[in-house]
2 protein chains.
Amino acid sequence: MSNSPHGKLVVRAFTVSADGYGAGPDQNIDNPLGVGGMALHGWLVPTRTLQKSLFGKDGGTTGPDDDFAARAMANLGAWILGRNMFGPVRGPWPDESWKGWWGDEPPYHCDVFVLTHHPRAPITMKGGTVFHFITDGIESALQRARQAAGGKDIRLGGGVATIQQYLRAGHVDELHLAISPVLLGSGENLLGGIDMVRLGYKVTEHVATPAAMHLVLSKA
Amino acid sequence: MSNSPHGKLVVRAFTVSADGYGAGPDQNIDNPLGVGGMALHGWLVPTRTLQKSLFGKDGGTTGPDDDFAARAMANLGAWILGRNMFGPVRGPWPDESWKGWWGDEPPYHCDVFVLTHHPRAPITMKGGTVFHFITDGIESALQRARQAAGGKDIRLGGGVATIQQYLRAGHVDELHLAISPVLLGSGENLLGGIDMVRLGYKVTEHVATPAAMHLVLSKA
C-alpha cells in the first residue's frame, strides 16, 4: 500500500433482511437479488436520489432514507464488485455478450473492478463506466481501484461473499448497513459468521426510519 | 393436543443485535446475557412498564417501546424457559441454592417451566411464581404450560436455543423481535440458521423507534 493520501474503502446502502440475508436464494437472470431480494430495497427505490439516478425521473421521497441514498453515491472514484453482482454467468465466459445487469449506460460512471477467476478484456460502456476483470484476488483489485479512484472513495458493491472477504482482511473503512423489515428465510447471511466486534467495528451512526434501520459501522 | 380453546405460544420482547445475536458470548453469573448483552435492552429498560415491573418505580418512557413492553407482559398464564435463562448452573444441580436471577420475588407471578436434563423439585417463590423443572422435553413442557395457563398465553422466554427448538417444531404462534442498534460480534444467532419463510412466518407488524426496530412475526 502506498503512503499517498487515498479515499476510503466503503460499503454503502447494503441492505439485509431482518433475518440477516443480503440476497434471497436462487439468484438468476429474472431475480438479480435472488427470490424475494427486491423487497429488501423498499427504503431505497422510492427515494429522490434513486429515482433520478436509475430511472432519470424527478420527484421521489426526501428525508433520512434519501440522505443515505445520496451519501451512497457521493465522492466515489471506483467500484469493486463480486462476479455475481455483475451477472448470472458462472464459470468461464462463454462469449462477450453479457455486459452487466444495467444496460448500455450503467449507473457507475467510473472504473468498476469485477472479481472473477476467468479472464476477460475490459468493457467500455456509455457514460464513463469501464468494467475491468480482475483474476488475481481482492488485494490486486483494491490496488487497481485505488489507482483508478484518484483519492476518492472506493465503493465495494457486494455481494455478501465479497464484502466478507474484504471485512476479514481488515480493508473496509466504513459500512452503511440498512436492515429492512422483511424476512428472506435463507440466502447469504452478511454478518452471521463474522465477528465485527473483534474486527474492531463499532456502530458510529444510527437512524431509524419507517422503512429501515440504518447503521454506520466504522473502525473505532 | 386437546381441542379446548387455548392461548397462544408467544415470544415477546426478544431482542437481538444488528448482527443477529440474542445474547453475548461467555454468559456467567456477572453477565446473565453474556458479555455486552445488557446493551441490547436499551429500548426496554427505560420504559414505564419495565421501570414499574422490575424496579417498582413510577415514571419511565412512554410510546411504542413502552407499548411493546406492556404487550409483552399482557395476558400471560405461564412461561417456558431454557435452563440457561434460569441460571448459570450447568450439569446436575449441586444443591437447592440457586433459585433464579431474580431474587425472592421473580417478575413472573405464575407457573414457569424450566427445561433441563436434571430433575429437581419445584420451587415456590414469593408473588405467585412457581418454578417447575421439566426433564422430558419441549412437548411435555408445552403441555404442562397449557394446563397451567388456563387459556391465557404462554410466553417462551428464551434463550436462543430453546426458541429455535419451538420454532422448528412449529409451535410458536407469534414472535415479537426487537433489533437493537448494537453489535455483539458473536454469541447465539437467533434466526441465522432457521428458515422462517419456509416455516410459514411473515412480518405482520413493524414499528421503528430511535432505540429499536420492532417486528412481529406471525404465521400467515
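These are my notes on the fold of chain A and on the cavity in this structure.

**Starting point.** I'm working with a predicted model, so every value here is computed from it.

**Chain A, fold.** I looked up the secondary structure first and got 5 helices and 9 strands for chain A. Going along the sequence, I read the pattern as β-α-α-β-α-β-β-β-α-β-α-β-β-β. Next I checked the radius of gyration: 17 Å for chain A, close to the 17 Å the globule rule gives for 220 residues, so chain A is as compact as a globular protein of that length. Along the principal axes, the C-alpha atoms of chain A fill a box of roughly 45 × 40 × 35 Å.

**Chain A, contacts and surface.** I took the contacts between residues at least 6 apart in sequence, and 63% of them join residues at least 24 apart. Of the 220 residues in chain A, 51% count as buried. The exposed area of chain A comes to about 9600 Å², with 52% supplied by carbon and sulfur atoms.

**Cavity.** How many cavities of 30 Å³ or more does the structure hold? I found 1, and its volume is about 180 Å³. I then pulled the lining, which has 22 residues. Nearest the centre lie Ala18(A), Asp19(A) and Gly20(A), along with Ala18(B) and Gly20(B). Which elements give two or more residues to this lining? In chain A they are strand S1 (9–17) and strand S7 (174–180), and in chain B they are likewise strand S1 (9–17) and strand S7 (174–180). Sorting the lining by class, I noted 12 nonpolar, 8 polar and 2 charged residues.

Key. Residues numbered from 1 in each chain as written. Chains lettered and ligands numbered in written order. Predicted model: local features only at pLDDT ≥ 70, side-chain atom pairs only at ≥ 80, totals over all residues. Heavy atoms only, no water. 1 Å grid on protein atoms, 1.4 Å probe; cavity = no way out; pocket = protein on both sides within 12 Å on 5 of 7 lines; lining within 4 Å. Points joined across faces, edges and corners; volume = space filled by probe spheres on them. Helix = DSSP H or I, 4+ residues; strand = E, 2+ residues; numbered from the N terminus. Nonpolar A, V, L, I, M, F, W, Y, C, P; charged D, E, K, R; others polar. Rg over C-alpha atoms; globule rule 2.2 N^0.38 Å. Buried < 20%, exposed > 50% of the residue type's maximum accessible area, 1.4 Å probe, protein only. Contact = heavy atoms within 4.5 Å. Areas by Shrake-Rupley, 256 points an atom, 1.4 Å probe, with all protein chains shown as cover.
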